[in-house]
Amino acid sequence: MIQITDMDGRRHYLHPDAIARVTEAGPNWHRIRAYVRTFDGKTIEAQESAEEISGAVSTARKEAAHG
């Protein structure tokens with residue numbers, strides 16, 4: 001699982017395979033740094049950058065493969 005924080009400060013825990021797409025937002029628009037689209041059609045406006053989320057997904061997948 002990875003943790004994503006939405007613009008209201010709520011934490012969301014997602015399985016890496018639930019994420020369909022991560023898009024970088026504009027320059028720090030209301031604390032939104034990335035948009036995370038899940039395979040069930042929901043979008044989370046995340047405080048983390050797309051690069052941070054991508055890194056967390058990669059790390060979680062490596063840990064799952066070795067664990």
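Strand β4, residues 32-38, pairs with strand β5 in the antiparallel sense, over four bridges. Two strands count as paired if DSSP finds at least two bridges between them. The strands themselves are DSSP runs of E, at least two residues long, and helices are runs of H or I of at least four residues, both numbered from the N terminus. Within this pair, arginine 37 stands opposite threonine 43 in β5. The two strands make a hairpin with four residues between them. In that turn, glycine 41 has a positive phi of about 90°.

Before going on, a word on the model: it is predicted, so to speak of local features we need pLDDT of at least 70, and side-chain atom pairs count only at pLDDT 80 or more, while totals for chains, interfaces and linings use all residues. Residues are numbered from 1 along each chain as its sequence is written, and side-chain values use heavy atoms, with hydrogens and water left out.

Now stay with β5, residues 43-46. Which of its side chains are buried? Ile44 and Ala46 are, and they point to one face. Thr43 and Glu45 point to the other face and are not buried. Buried means under 20% relative accessible area, exposed means over 50%, and partly exposed is in between, using a 1.4 Å probe and protein chains only.

Next, the other hairpin. Strand β1 covers residues 2-5, and β2 covers residues 11-14. They run antiparallel and are joined by four bridges. Glutamine 3 stands opposite tyrosine 13 in β2. Five residues lie between these two strands, and glycine 9 in the turn has a positive phi of about 85°.

One residue of β1 to look at is isoleucine 4. It counts as buried because its relative accessibility is 0%. What is isoleucine 4 in contact with, leaving aside neighbours within four places in sequence? Its partners include Leu14, Val36, Ile44, Ala46 and Ile53. Contact here means heavy atoms within 4.5 Å. Ile44 and Ala46 are the buried residues of β5 that I mentioned earlier. Isoleucine 4 and alanine 56 are 52 residues apart in sequence, and their C-alpha atoms are 9.6 Å apart in space.

Last topic, charges. Side chains of opposite charge can pair when their charged atoms come close. A salt bridge is a side-chain nitrogen of Lys or Arg within 4 Å of a carboxyl oxygen of Asp or Glu. How many does the structure hold? Four.

Aspartate 6 and arginine 10 meet in one, at 2.9 Å from N to O. Aspartate 6 counts as buried because its relative accessibility is 5%. Arginine 10 is at 49%, so it is partly exposed.

Aspartate 17 forms a salt bridge with arginine 61, where the closest N and O atoms are 3.4 Å apart. This pair links distant parts of the chain, 44 residues apart: aspartate 17 is in the loop between β2 and β3, and arginine 61 is in helix α1, residues 50-66. With relative accessible areas of 48% for aspartate 17 and 43% for arginine 61, both are partly exposed.

Arginine 33 pairs with glutamate 52, again in a salt bridge, with closest N and O atoms 3.4 Å apart. Here too distant parts of the chain are linked, arginine 33 in strand β4 and glutamate 52 in helix α1, 19 residues apart. Arginine 33 has a relative accessible area of 35%, so it is partly exposed. Finally, salt bridges that share partners join Asp6, Asp8 and Arg10 into one network.
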